[in-house]
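Biologist: I would like a close look at a single part of this assembly, taken slowly and with the numbers attached. Please keep to what can be computed from the atoms.

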Amino acid sequence: MKVIDIQGLKKSFTGKRMQRVEALKGIDLQVGRGEVFGFLGPNGAGKSTTIKSLMGLIRPTAGTVRLNGIDVHDPASRRSVGYLPENPAFYEYLSAQEYLTFVGRAFGMVPQRVKERGEQSLRRLDLWEARSRPIRGYSKGMVQRLGVAQALLHDPDIYIMDEPMSGLDPLGRALVKEIIRELRGEGKCVFFSTHITADVEAVCDRVGVIVNGALRMVERVDRIMAEGITGYLLRSRSPAGEREQIVTVDHLSDLLSRLKEEGQTVTLVEPVRKNLEQFFLDIVKGG
Amino acid sequence: MTSILLITLKGIFRDRVFQGIMVMALLFLFIPTIGSLSMRQVTELSITLSLSLISFILLLLAVFLGGTSLWKDIEKRYTFSVLGLPLSRTSYILGRFMGNALFLCLTALFLGVITLLVILWAKGLYPPSRPVRWDNMMIAVLFDTLKYLLLVSVAFFFSSVSTSFFLPIFGTISVYLVGNASQEVYDYLHSGSQAVKVLPGMVVKAASLLYYLIPNLAAFDYKLQAVYGLDIAGRGMALTVLYWVIYTTIMLALTAVIYERREMK
Amino acid sequence: MKPFAFTLILILAYLAVIIPFADYQRTRPVVEKMGYVPTPQVLKFVSADHKGVTAAALILKSMMYFGAIVEPQFNTLKVPPDYQSMYGTLAAAVKLDPYNMDAYYFAQSFLVWDVHEVKAANAMLEYGMKYRKWDFMLPLFAGFNSAYFLKDYSKAAQYYKRAGELSGAELFVNLAGRYLWQSGRTEQAIAYLTMMEKGAGNEAVRRSFRIRLQAFREVRRLEEARDRFRAAEGRAPKSLEELIRWGALTPIPRDPYGGRFYLEPDGQVATTSKFTHALGAARKP
């Protein structure tokens with residue numbers, strides 16, 4: 001069973017002057033355990049709409065959405081989900097610790113466990129020193145980190161994060177990426193949206209590209225990387241000196257044998273590839 | 001639900017609403033002085049002023065807390081983080097309502113105790129011509145509290161259909177004014193007076209319909225009975241409590257139904 | 001430094017203005033006006049469940065208006081109070097809170113004596129009796145009005161009987177019976193005014209009762225002198241001056257309203273002020 005299961009999801013809104021706007025045009029997507037899924041798309045493509053449908057915040061016009069096999073109409077579907085909203089806001093009159101206590105209670109955790117897990121996640125997100133201060137006084141990055149902390153609190157199976165890296169400084173981004181990698185190691189399912197290709201390249205197993213409310217492509221990141229190889233950079237040394245050249249994939253073996261014949265030593269072979277960003281741009285523009 | 005209730009209560013206290021009430025409660029200290037301006041009914045005037053002050057403070061709380069409670073969560077984007085938790089929207093609404101209701105009850109209790117002290121004081125200064133009916137005073141405060149709880153549920157209902165705070169706040173104030181007058185308008189329309197007969201039948205019918213739709217808040221007003229120590233009919237009280245339970249439940253149910261279907265964009 | 005200097009200048013400017021401002025406000029002639037009072041229907045609507053307070057506010061407003069006119073000028077009332085507006089305000093007040101005793105008490109204090117609207121006063125008292133069923137004061141007022149002003153003794157007797165039943169006091173029972181016929185009007189008025197003066201909590205109202213009481217005590221002194229004269233001389237005195245010359249009146253009676261006492265042709269004591277400030281002041285030389 002795939003823990004995130006979206007089938008034929010459509011969503012249309014009534015926009016200005018009573019015009020129907022089709023925000024999602026039939027999305028099919030499944031994500032399983034131990035998988036980190038990057039949801040990539042330009043602004044306004046439907047990333048947030050999809051995530052809000054997953055969280056039951058908006059009602060699909062058509063299609064079914066299930067988390068852990070439970071339809072998202074049912075609040076129980078969110079019992080094992082850690083959700084980080086886009087640009088999150090938390091009751092600012094509470095302190096981080098009080099907020100986590102509230103979240104823990106909502107998930108039905110026993111106080112002792114809330115205390116332990118709370119300390120763990122606050123320390124992990126570097127908020128332990130600030131835990132008793134009201135959220136009102138937090139910086140944007142701190143609020144974002146608290147968002148991650150409250151998603152981690154009850155140790156759920158599924159993590160749904162809307163732009164988890166936004167508003168963070170480089171240190172924070174690195175920390176969140178590290179956490180996502182750890183979660184994969186623990187066999188969790190992480191689904192996050194972003195418009196930054198480098199983040200996907202760094203942590204994702206699979207990536208989905210959404211453009212204008214339709215999924216253009218869902219693919220394994222390592223396969224994209226493999227398919228994206230356009231040639232190789234080759235460095236060789238001979239008594240005459242060092243030399244670098246680029247060859248296409250087809251000519252690599254020919255070149256290698258020629259160099260061997262010439263008595264040169266190959267010191268480096270590096271694939272030259274289209275990066276994910278280029279790949280992404282091609283897809284977006286191609287549509 | 002209790003988790004929402006607790007943070008609602010915490011939020012109200014953290015927003016220093018209670019301190020505001022304490023400041024307003026200082027007005028109670030002036031009541032015996034103002035009461036002494038009366039010629040023949042110092043204690044009566046003191047009771048009138050105290051009960052009206054309680055009623056006024058509770059009105060402010062009902063309108064401004066009740067009217068902004070749901071709106072603020074949407075406006076400040078708290079709904080995304082809260083409704084992303086495994087809580088049903090109904091329990092969120094009920095938790096919010098209970099939090100506001102509990103605060104209103106605590107305030108009424110606090111102000112009620114202050115009133116008792118103030119009346120004791122005024123009574124000591126100027127002995128009243130009629131004995132003070134403490135039971136009536138408590139009934140008046142209790143029914144005032146019920147009335148404003150009902151008004152909070154009305155404010156919640158308006159919040160569920162509106163995206164701004166205008167409808168909840170001004171709608172609730174209008175319901176408060178109309179709800180206090182509806183009984184008199186109804187009585188007048190059915191008094192068979194000559195002035196009524198010239199009105200088109202549609203107007204009378206529409207007014208009668210409104211009378212049954214709009215909460216009858218005048219029924220909760222036991223201030224005169226408390227001030228002048230008049231007898232209160234038990235049947236009337238029982239019916240009013242029943243009416244309150246049903247009306248408030250309907251309002252909350254409608255709010256929950258509408259809120260369940262609402263899109264959190 | 002700049003914001004500090006600016007604040008300092010503002011504070012100095014404030015000090016420079018506040019003293020003359022306060023001085024002016026202190027000496028500014030107070031024009032207490034009754035102003036416009038909306039109809040009871042409108043008041044009922046806007047005061048929602050604060051009708052009791054609105055009623056009390058209306059009553060206080062009319063009492064303060066009355067106080068502001070009566071207090072500083074004491075018994076030389078140059079501006080006659082706007083009694084019609086006062087009555088309108090009080091009538092609105094009892095529509096909002098039919099139990100408010102202050103309204104009935106205050107209305108009674110000027111309606112009958114100063115405006116001579118005895119019927120309006122009794123109608124208002126009747127309205128109040130429907131609500132304040134326990135209160136003996138309302139029938140007592142109505143009884144006095146009926147007997148003293150309207151000379152409707154049977155109606156008065158009914159009111160006094162009711163007052164007697166409610167209070168259990170001997171006096172009202174007596175008033176309801178034969179005492180009413182025997183006692184003179186002046187005696188009745190003095191008994192009634194003494195009670196009213198004692199009961200008044202508001203200083204301006206009490207003072208107005210005290211002045212009236214003083215006037216009636218003077219009348220009683222005149223009446224007693226007139227009766228002594230008649231007993232001794234076997235005829236009625238022709239004028240007040242004759243009584244004074246005869247030596248039965250020391251000191252010479254003085255009308256606290258500023259009027260002048262005289263004897264009617266039928267021997268009744270009367271005054272040019274008719275017991276109101278306005279007339280008394282107007283006729284003053």
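How many residues of chain C are in contact with chain B, and how many residues of chain B do they meet?

Modeller: The model is predicted, and everything that follows should be read with that in mind. In it, 29 residues of chain C are in contact with 27 residues of chain B. Put in terms of area, the two chains bury about 2,300 Å² between them, and carbon and sulfur atoms carry 63% of that. On the chain C side, the residues that lose the most area to chain B are Phe45(C), Asp49(C) and Trp134(C), which together make up 26% of what that side buries.

Asp49(C) also takes part in a charged pairing, since it forms a salt bridge with Lys147(B) in which the closest N and O atoms are 2.4 Å apart. Across this interface the rule finds three salt bridges, and it also finds nine residue pairs in polar contact, counting pairs in which both residues have pLDDT 80 or more. As for the elements involved, helix H2 (40-46), helix H3 (51-73) and helix H5 (101-111) of chain C each give two or more residues to the side that touches chain B, and the largest share, seven residues, comes from H3(C). By residue class, that side of chain C divides into 17 nonpolar, six polar and six charged residues.

For context, chain C itself has 14 helices and two strands, and buried residues make up 46% of its 285 residues. Of the contacts in chain C with a separation of 6 or more, 57% are between residues 24 or more positions apart.

Chain B also touches chain A, and that interface can be set beside the one you asked about. There, 32 residues of chain B are in contact with 29 residues of chain A, and the two chains bury about 2,700 Å² between them, with 58% of it on carbon and sulfur atoms. The count between chain B and chain A is four salt bridges, and one salt bridge joins the side chains of Glu92(A) and Lys76(B), at 3.1 Å from N to O. Residue pairs in polar contact, with both residues at pLDDT 80 or more, number 18 between these chains. On the side of chain B that touches chain A, the largest share, eight residues, comes from H1(B), and the residues of that side divide into twelve nonpolar, seven polar and 13 charged.

How values were computed
Residues are numbered from 1 along each chain as its sequence is written. Chains are lettered from A and ligands numbered from 1 in the order in which they are written. This is a predicted model: local features need pLDDT of at least 70, side-chain atom pairs count only at pLDDT 80 or more; totals for chains, interfaces and linings use all residues. Side-chain values use heavy atoms; hydrogens and water are left out. Contact means heavy atoms within 4.5 Å. Buried area is the accessible area (1.4 Å probe) that two parts lose on being put together, summed over both. A polar contact is a pair of N or O atoms within 3.5 Å; within protein, one must be able to donate a hydrogen and the other to accept it, and residues adjacent in sequence count only if both atoms are side-chain atoms. Helices (H or I, at least four residues) and strands (E, at least two) are DSSP runs, numbered from the N terminus. Ala, Val, Leu, Ile, Met, Phe, Trp, Tyr, Cys and Pro count as nonpolar, Asp, Glu, Lys and Arg as charged, and the others, Gly among them, as polar. Buried means under 20% relative accessible area, exposed over 50%, partly exposed in between (1.4 Å probe, protein chains only).
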